[in-house]
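Reader: I spend my days at the bench and would love a close look at one part of this model: the way its helices pack side by side. Please walk me through that part slowly, and then show me what lies around it.

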Amino acid sequence: MIEKSFFIRIIGCQMNVYDGDKLRGELLSRGWREADGEDGADFVVFLTCSVRERAEQKAASEIGKFGKKWKKSRSPRLALLGCMAARIGSGLARKFPWIAVTAGPAHIGLVPDAMDRALETGERFIADRETQAADPISCAPRGRGNPHKAYITVANGCDQFCAYCIVPYVRGRFASRAPEDVLAEARALARNGVVEITLLGQNVDAYGRDFDGDARGRFASLLNDVSAIGGLRRVRFATSHPSDFTDDILDVMRDRPNICPSINLPVQAGSNSVLRGMNRRYTRDEYVSLVRRIRAALPESAVTTDLIVGFPGETEEEFEQSVTLFEELRFDLAHTAAYSPRDGTPAANRPDQVPPVERARRLVRLNGVQAEISREINASMVGRIYEVLLDEPAPRGEGLLQGRTATDKVVLVRAPLEMAGTFREARVTGSSPWCLEGELV
Ligand code: SF4
């Protein structure tokens, strides 16, 4: 048997991490070896993102760079996967012959066989819109270097069709996985020593709606069942949609202390007119009232959000309503972005685009407001003791490990690498808007 090696690069969201972990599990079970880097690999797998134009440009430039090496030795070959592959993979494969496999999220189940064939016979595999969707990879996910935390995708695709978003076109219609499949995967992970699982979907709160049109209670019930699995000390979920988040989820979170009180609830805009233009299906008041209910039910919770500035037609006054929303709700963290037009979405064709320089100005202003709020919230944690799951070496600072509180705050502590994967108590000794510093107690 010829030795085959791979290296996986994630450019994108947690769902790509999950797809990468499933592919890793399957390739390892077929006898492939995971290389330490791109240079030592026969195949480099790119899991890409289409949400923002810049992410696609970056991936395309990285893919282009492989040409030099490939022309010399016909190695490494590339597998281009993820949303960008679904959108423009076949076009890129025509341009770059070193792309041996390209397949979007609906076709990832075909990738392991395609990679085998590409190395054994040189056959290329280019999935496009005509290619029949395949069953997903059934092998249990295997993380790289992080054996105590894992993701599980509970639903693929999205039916919300927000006016700016490419996801429904590249990931397809909303499709929930059977609860027994999710639970079997969670049990297998727990048996292998995973202590923290994050349940993933573009809109987890709608879980089960595609079974019979009624999602009531379904995600709450799944969350409850996963959290009851022995050995799972932490269960998280992302992402929520404000119009589908129901109070029964809060009831389960209150009853189950191992469900982390950390909720990412994208608002996307602070003004009702922009929310309508975005097709978000809730008003500012409804959103505010939901955040208040979350905080009343879970006083120790951390609520984070996502928001886009400079959506087409957004006036200065409408933008200011995003600023006042941040000031009113004081999120723990906000993922903000300047609007990025994506071909094929309704918003990209609107004639009233906000000039890029104005989008950039609004982004800087909003980020400044949020940084101050996050700074104050994090400073209020100094002196308190939290349980943290120690994780991996901090990107900067020798001897520092990065851990996370149940509310998903990053805490940097001085600790030996052997402690990674363990729960420890840490006293917070310092803070910034982005993370906390602490010491083990
Ligand atoms: S809810 Fe809206 S923003 Fe989120 S994935 Fe679906 S269409 Fe995109």
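Author: Happy to, and one term will help before we start. A crossing of two helices is called right-handed if the near helix is turned clockwise from the far one by less than a right angle, and left-handed if it is turned anticlockwise. Please also keep in mind that this is a predicted model.

With that term in hand, let us begin at helix α8, residues 218-227, and its partner α6, residues 179-191. The axes of α6 and α8 are 10 Å apart, and the two helices pack at an angle of about 25 degrees. Because angles under 35 degrees count as roughly parallel, α6 is roughly parallel to α8. Their crossing is right-handed. If you want to see where they touch, look in α6 for Pro179, Val182, Leu183 and Ala186, and in α8 for Leu222, Asp225 and Val226. Sorted by class, this contact between α6 and α8 holds six nonpolar residues, one charged residue and no polar ones.

Now follow α8 to its contact with α9. The axes of α8 and α9 come within 8 Å and cross at roughly 15 degrees, which makes α8 roughly parallel to α9. The crossing of this pair, too, is right-handed. From α8, the contact uses Phe219, Ala220, Leu223 and Asn224. Facing them in α9 are Asp248, Ile249, Asp251 and Val252. The class count for the contact of α8 with α9 is five nonpolar, one polar and two charged residues.

From α9 we can step on to helix α11, residues 284-297. The axes of α9 and α11 come within 10 Å, with a crossing angle of roughly 20 degrees, and the two helices are therefore roughly parallel to each other. Here again α9 passes α11 in a right-handed crossing. Asp247, Leu250 and Arg254 of α9 meet Arg293, Ile294 and Ala297 of α11. In this contact, three residues are nonpolar, three are charged and none is polar.

Next, the surroundings. The chain is divided into domain 1 (5-126), domain 2 (146-260), domain 3 (293-379) and domain 4 (385-440). Between domain 2 and domain 3, the C-alpha centres lie 25 Å apart, and nine residues of domain 2 are in contact with twelve residues of domain 3. Helix α9, residues 247-255, appears here once more: four residues from α9 form the largest share of the side of domain 2 that touches domain 3. That side of domain 2 has seven nonpolar and two charged residues, with no polar ones.

Just ahead of α9 there is a backbone detail to look for. Alanine 238 and threonine 239 are joined by a cis peptide bond, with omega about 5 degrees. Threonine 239 sits in the loop between β11 (234-238) and α9.

There is also a ligand to find. The residues around the ligand include His241, along with Gln202 and Asn203. Cys158, Cys162 and Cys165 are also among them, as are Gln160, Phe161, Val167 and Pro168. By class, this shell has six nonpolar and four polar residues, and no charged ones.

Finally, a second cis peptide is worth a visit in another part of the chain. The bond from serine 75 to proline 76 is cis, with omega near -5 degrees, and proline 76 is found in the loop between α2 (53-73) and β4 (77-82). Arginine 74 also lies in the loop between α2 and β4, and this residue has a positive phi of about 55 degrees although it is not a glycine.

How values were computed. Residues are numbered from 1 along each chain as its sequence is written. This is a predicted model: local features need pLDDT of at least 70, side-chain atom pairs count only at pLDDT 80 or more; totals for chains, interfaces and linings use all residues. A residue is near a molecule or strand if its C-beta atom, placed from the backbone, lies within 6 Å of it. Ala, Val, Leu, Ile, Met, Phe, Trp, Tyr, Cys and Pro count as nonpolar, Asp, Glu, Lys and Arg as charged, and the others, Gly among them, as polar. Domain bounds come from an automatic or database domain assignment. Two residues are in contact if their C-beta atoms, placed from the backbone, lie within 7 Å. Axes are lines fitted to C-alpha atoms, for helices over the stretch in contact, and angles run from 0 to 180 degrees between N-to-C directions. Angles under 35 degrees count as roughly parallel, over 145 as roughly antiparallel, 65 to 115 as roughly perpendicular and the rest as oblique.
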